[in-house]
Amino acid sequence: MQPETLFTVAIALAVIAVLFFLLSHARKTRKRDAEVHSAQLAGLVEENQRSLQLTNADHSETIAAHDSMHEAEIAMLGKRRDAAIRHAARGMKWELASRQALVRALTSANLDAIVATNVVFAANEAGQDVFCAQIDHLVITENVVIIVDSKNWQGVVFDGILPSKHAAVLGLFFQERELGSSFAIHAAKTGEAGTRIEVRYEREKASPATQVRRQAMRFRDLLAETGASTATIRTCVFYSHPDSLVITNGLDRGGKVPTVITDRKGISRELKKTHDLHPGEWSDAQRAQLLSAVRDLGADLVGTGRFTDDFATAVPLTTYVDDGNKIALPRD
């Protein structure tokens, strides 16, 4: 073989060797780069996982902290709500049970009505200084307005009926002389284990019926001063204690307009009867004036029937007075 040919072959082999080396080096470089990239990717994945775990842990802690704060805020708001309800209820402490009974009675009678509780206003009578007058309940139906004086009397009550007329022998135990035309006799157990009977007499100006009629006169004067209507206002004495026995003929006729005398058993019937007997005595405009005046006095308002949504009391109907004379709230 000639020298030129050998040289050419040598050059060719050298080129092939170089190409082979470059290809091999390239493969090794790509493999190494791939391994490095894989390692970097694995590191990134691992770092991201650690970061995600830390983030999740931080997020969980944040959520737990927010939940705890939210629960604390709810608890605080609940305490504030209960305190506000107790404060609002304190003014009508003794009327809570009778308010509940009136709302139930109106609902049972299918009456659309508003019950205003603890109506307090300044009154002025001839020869007297200005004083604070208070109405237990004002029942406003579509036909009539009724002032209800609630008596939470436990035991036996004779209202307008002499005990001896109910049973002759009872005349020996009660002082029936000079009771007048309007009176109430209240007999209740007292002392340890209820071994004694205490009797009190409320007669004439101090009788429940006379008192509620006087409240009606004062309230009518107030409405006249405010420019509201002074249409006829009916009156009712409601013996609201569940453990009372009331003996009465149902009406006290000592005033120009008879006063209804009733208890828990008869209150629904009497409210319905009074409503039905006086259709159209109060117009919508007069009722609106009356409600505006009552609202200004800060009375508690609760509606029944079609008035339920418009007059929702802030003090739940199940609020009551416990044995310690404290306002107790129902649990949710």
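**Group meeting: a sheet, two helices and some salt bridges**

Okay, let's start with the basics: of the 332 residues in this chain, 37% are buried. Keep in mind that this is a predicted model. On the secondary structure side, the chain has 6 helices and 13 strands. The accessible surface is about 20,200 Å², and carbon and sulfur atoms account for 56% of that. If you take contacts between residues at least 6 apart in sequence, 64% of them join residues at least 24 apart.

Now, the sheet. What is the strand order? Reading across, you get E9-E10-E7-E3-E2-E1-E11, so that's an open sheet of 7 strands, and the pairing is mixed. E9 and E11 are the edge strands; each has a single partner, so one side of each has no neighbour in the sheet. Let me zoom in on one pair: E7, residues 233-239, runs parallel to E10, residues 259-263, with 5 bridges between them. In that pair, Tyr 239 sits opposite Asp 263 of E10.

And what packs on this sheet? H4 does, touching E1, E2, E3, E7, E9 and E10, and its direction is at about 145° to that of E7. H5 packs on the sheet as well, with E2, E3, E7 and E10 as the strands it touches, and here the angle to the direction of E10 is about 155°.

Let's stay with H4 for a minute. H4 has 19 residues and spans 27 Å from first C-alpha to last, close to the 27 Å you'd expect at 1.5 Å a residue. Its buried residues include Val 212, Ala 216, Phe 219, Leu 222 and Leu 223, but also Arg 213, Gln 215 and Arg 218. Right after the helix comes Gly 227, with a positive phi near 85°.

That Arg 213 brings me to the salt bridges. The general idea is familiar: side chains of opposite charge can pair when their charged atoms come close. How many salt bridges does a search of the whole structure find? The count is 8.

Arg 213 pairs with Asp 252, and the closest N and O atoms are 3.1 Å apart. Since Arg 213 is in H4 and Asp 252 is in strand E9, residues 251-252, the bridge ties together parts 39 residues apart in sequence. Buried or exposed, you ask, for Arg 213 and Asp 252? Both are buried.

Next one: Arg 306 and Glu 142, with the closest N and O at 2.7 Å. Arg 306 is in the loop between E11 and E12, and Glu 142 is in the loop between E2 and E3, so this pair links parts that are 164 residues apart in sequence. Arg 306 counts as partly exposed, at 48% relative accessibility, and Glu 142 also counts as partly exposed, at 28%.

Then there's a local one in H5: Lys 272 and Asp 276 form a salt bridge, 2.7 Å from N to O. These two are 4 residues apart in H5, residues 267-277, so about one helical turn separates them. Lys 272 is partly exposed at 31% relative accessibility, and Asp 276 is partly exposed at 41%.

Last item: Arg 269, Glu 270 and Lys 273 are joined in a salt-bridge network.

That's it from me, thanks.

How values were computed. Residues are numbered from 1 along each chain as its sequence is written. This is a predicted model: local features need pLDDT of at least 70, side-chain atom pairs count only at pLDDT 80 or more; totals for chains, interfaces and linings use all residues. Side-chain values use heavy atoms; hydrogens and water are left out. Buried means under 20% relative accessible area, exposed over 50%, partly exposed in between (1.4 Å probe, protein chains only). Contact means heavy atoms within 4.5 Å. Accessible areas come from the Shrake-Rupley method with a 1.4 Å probe; for residues, only the protein chains shown count as cover. A salt bridge is a side-chain nitrogen of Lys or Arg within 4 Å of a carboxyl oxygen of Asp or Glu. The expected span of a helix is 1.5 Å times one less than its number of residues. Two strands pair if DSSP finds at least two bridges between them. Axes are lines fitted to C-alpha atoms, for helices over the stretch in contact, and angles run from 0 to 180 degrees between N-to-C directions.
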